[in-house]
Amino acid sequence: MLLELDHIYKWVTTGGRRTFLLNDLSLKVEEGEFISIMGPSGSGKSTLLNVIGMLDGFQEGEYKFLDETIHNMKEKHRSKLYKEYIGFVFQQYHLIDELTVYENIETPLLYKKVKSAERKALVGDMLDRFNIVGKKDLFPNQLSGGQQQLVGIARALISKPKLILADEPTGNLNSKQSDEIMQLFKQLNEEDGVTIIQATHSESNAAYASKTINLLDGSISKS
Amino acid sequence: MFRNYIKLAWRKIKADKMFSILNILGLSIGLGITLLLFLFILHEESFDTMYSKKDRMARVLVHLTDDESPETWCGSPPAVGSTAKNTIPEIENTVRFYHYAFGQPASISVNDKNLIEPRFFYADESVIDIFDLEFTHGNPKTALARPNTIIISESSANRYFGNDNPIGKQLNLENYKDFEITGVFKDFPNNSTIDCNTIASFQSTNFAKNPTWDNASFETYIVLSKNADLASVEKKISKLVSQEVSDPWYSLSLQPFSKIHLYSSNYQDSYSARIGNIEEVKNLSLLAVLILVIACINYMNLITARSQKRHKDIGINKTLGASTKSIILRFYAETALITLISILFSIILAIVAVPLFNQITGISINYRNLFTLQFIASLIIIWVVTSLIAGSYPALHLSRLAPQVVVKSGFKSKTSGLLIRKGLVIFQFTASIILIIGVLVVYQQINFIKNRDLGFNPDKILAVSIGAAENKNSINSLKNKLQNSSNIVAVSSAQGFPGVDVSGRSIINPLTENGYNIKTNNADSEIIEVLNLKLLAGEKLPETKAKNDSIVDVILNKKAVDFLGISPEEAIGKKVQLSLGNNSYVKGVVDNFNYSSLREGIGAYAFHNNATREFHNYLLVKFRGNDIGGVIEEVKDNFEDFIPNSAFQYSFLDKNLERFYTSEKRMASIGLSFSILAVFIACLGLFGLAAFTAEQRSKEIGIRKVVGASVFKITKLLSLEFLFLVAISLVLAFPLAAWLMNSWLQNFAYRIDLNWIIFIVAGVIAIFIAIATVSFHAIKAALTNPVKSLKTE
């Protein structure tokens, strides 16, 4: 068991009324799964990913990651966990504009205080693997959207996470680029055993996953 | 890791060129000013520190005790130095200085040239040892041992003789005395209070033969023996006066040598023109700190102005595993880099500005001091402190942002930081407005002084030095010759004139037997006409006076008559006691006039014709017409005819009076330049805040445009918010400025009232500058296509 959400409630209060973002949501994810989360806008896809990624909290319920209860963990400990095990991929790529492709991919290793020689080897492998060696000295704004997302994924993978959380990873890409990214995810999942949870609007993208969860108004709807 | 921070910071600086330039510019100017003022302060503090015995040295001060207007003089009677040295064992040595003719420039002939020597001194032989004089020629052990010997400075030697060896040559003073040059010493450094071009042996003067306990005109320095206590020596010296003088009119104190430069601005009759003022040093230090703070605030404002982008950046880094600590370090690294670049620029700015600063202030600070170890150490401290202060807000505030800000699409940066930024802008503007008002008030006061009715007319009067004239007849002939010229209204010869020191005496009220300070000026009958004084009663001094006539005629001013408690008319013909002889009678009374700086009130003043006491040093020539060059030429030609062995030296009375206000003018010029820069830096801050607000409200502006707001309406909306900030600054600045400037004006006996127009002008300037700064962004934001700002959301 990689992670388990148990009766999670998350709400915001506006005008004295509670609006539920996550409503009694329970979910178990095994290592090696590839899950798509689908649902209309506002159904809570992003919120769910943020909660899983420990970027956001919740009001009620229990969250276990690798059998550790994390909702009452200290911030420091929690950030250590996600540094170690979780990689993020964003719809807007969120590369650091001032850094080259190489440096963007290298950044998580810097924060993990990996030695220089090892960093070099790891980043080199990653560039090879994604076929972007020739672009390593370019800055993000010199790349196409698909290429940027490749770098984003490479950056997420560099610290060898167990889990990749992808929030609409292909939302800004055309269908061809989008297919390539999905192929890559599938490959990562099958060959490297990386667990992937992606939020998506697209039926065809969702189909790459081994399991699809439909969200509606913050709850998993039985499909 | 750290290298990575620096790399990132450098790329960020390059990526946003305009902001980086604004940032670096603001900080460089702020730091540059701070460096400049620091140099100035260092220069002031370095005064008189070069003498080996400085810690044991002190100057004797004379305090006038028994009258209603206390004064402190830097000169003391000649007997003090010699007696103290012989009777007080703790005193190792003393030296008395006498500035030739009580401070008048000396006319000398040397090497067949007639020259004016403004810094001609007599001093005891001990000056060589006490002031560590280094000789390039001659023997320091014996140089001043004999009467009629003189030592001259290296630069004077150069001026007189070029490269020739001056030892053994003759120097003639005012055609009556010859000195033998026995030594050449290295010039006094420019941060020494004592500064002599020539030093003649004190024994050459009559004062040395019979040192008296009056005539407090001799600056006296003492050197204590090691371990002696200044306070107990001071007591012993004071005791001397009561032992030696039957009815002392003064008391003595000792001023530690280290205090002489900065703490003597209220004392009179100093031989040195290099008088500092601790108040000025304090004010300028405050100004330096203020400008540095404004520049730091500015930096914070500009950095946080880009915070929207920063938020994203921080969020990404946090999801990639950055700790809060590493983000803080990153911001500090960035600030430190920008500060370092700014410091380098500011050093260049300071070096470029030093000559300008020297020109404005008349001080000679040296940029080479920037590279002393002490200064480099302070630079590093400034660097660290500025980086810490300027980096604190972005580092500490922004680093706390939670990582989810980046993934939450609906994120809006909170407004709490905005409040602080607004506060910072208000602070900057308040400070700037105070500076603007300050400068306006100082200028108005200077103008007021310039145009004030002084009670006499200083315009078109030429003061020609005649100290070297061999006899009175030649002066009279010159006077007569000039009086016949059509360009010349009147000519008078006198001991001094308003703006230069004359003699200080005491006038006694016969009823109460109280004394009162009075300035006395030995003058001829024409003085009233030349100065255009108003005669209230009686008549002017008689034109001629028999040589053996013991009657002294005196013209008092109104203030002196008031002290005597009688009307001007009653005073005429009365006998008056002001130590000018027993047969002194009031001949006339003139209205009060400002014979000194307007900082001081008018005291008692008298003209007299007692020829045995003081000499006529000046010929005052009142001329008409605007051909000043022609008049000078005419006077010079005649002067050389009648007084051939003397250099022609002149000054203008009105110019001479302006000299009183050099320190005010200096403050005003420094203040003006720095205020302009401070306002400029404050504008950079406002510019940054305006950019920030425009960026933050871009969505709101987009929506407003979509629903139909005009460009003008949006510009107004954005600008008004800032005008509100300026308005708050005005409200804060006005009372503060009023209070500050009122206390400054208290320094003047004659001063302007604070005028509400000044405040309005300052307010209008501030508002105008603010509008000009803000509207750039407001208009830019208003012109932006709303599609652009709305689609990114």
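Helices here are DSSP runs of H or I with at least four residues, and strands are runs of E with at least two. I'm noting that up front for the helix percentages below. The model is a predicted one.

**Chain B, overall.** I looked up the secondary structure first and got 24 helices and 23 strands for chain B. Along the principal axes, its C-alpha atoms fill a box of roughly 105 × 60 × 50 Å. Chain B has 793 residues, and 44% of them are buried. I also checked the contacts in chain B with a separation of 6 or more: 83% of these come from residues 24 or more positions apart.

**Transmembrane spans.** I pulled the UniProt record, an unreviewed entry, for chain B. Under "transmembrane region" it lists residues 21-42, 335-358, 370-390, 424-443, 670-694, 722-741 and 756-779. I then looked at two of the listed spans in the model. Residues 670-694 of chain B come out as 100% helix and 0% strand, with 36 Å between the end C-alpha atoms. For residues 756-779 of chain B I get 100% helix and 0% strand too, and the end C-alpha atoms sit 33 Å apart.

**Where A meets B.** How many residues does each chain put into the contact? I find 17 from chain A and 17 from chain B. On the side of chain A that touches chain B, helix H1 (45-52) and helix H3 (101-111) of chain A each supply at least two residues. H3(A) gives the most to that side, with four residues. By residue type, I sorted the side of chain A that touches chain B into seven nonpolar, four polar and six charged.

Key
Residues numbered from 1 in each chain as written. Chains lettered and ligands numbered in written order. Predicted model: local features only at pLDDT ≥ 70, side-chain atom pairs only at ≥ 80, totals over all residues. Buried ≥ 20, exposed ≤ 12 C-beta atoms within 10 Å, placed from the backbone. Contact = placed C-beta atoms within 7 Å. Nonpolar A, V, L, I, M, F, W, Y, C, P; charged D, E, K, R; others polar. UniProt positions renumbered as here; feature names shortened; annotations may be inferred.
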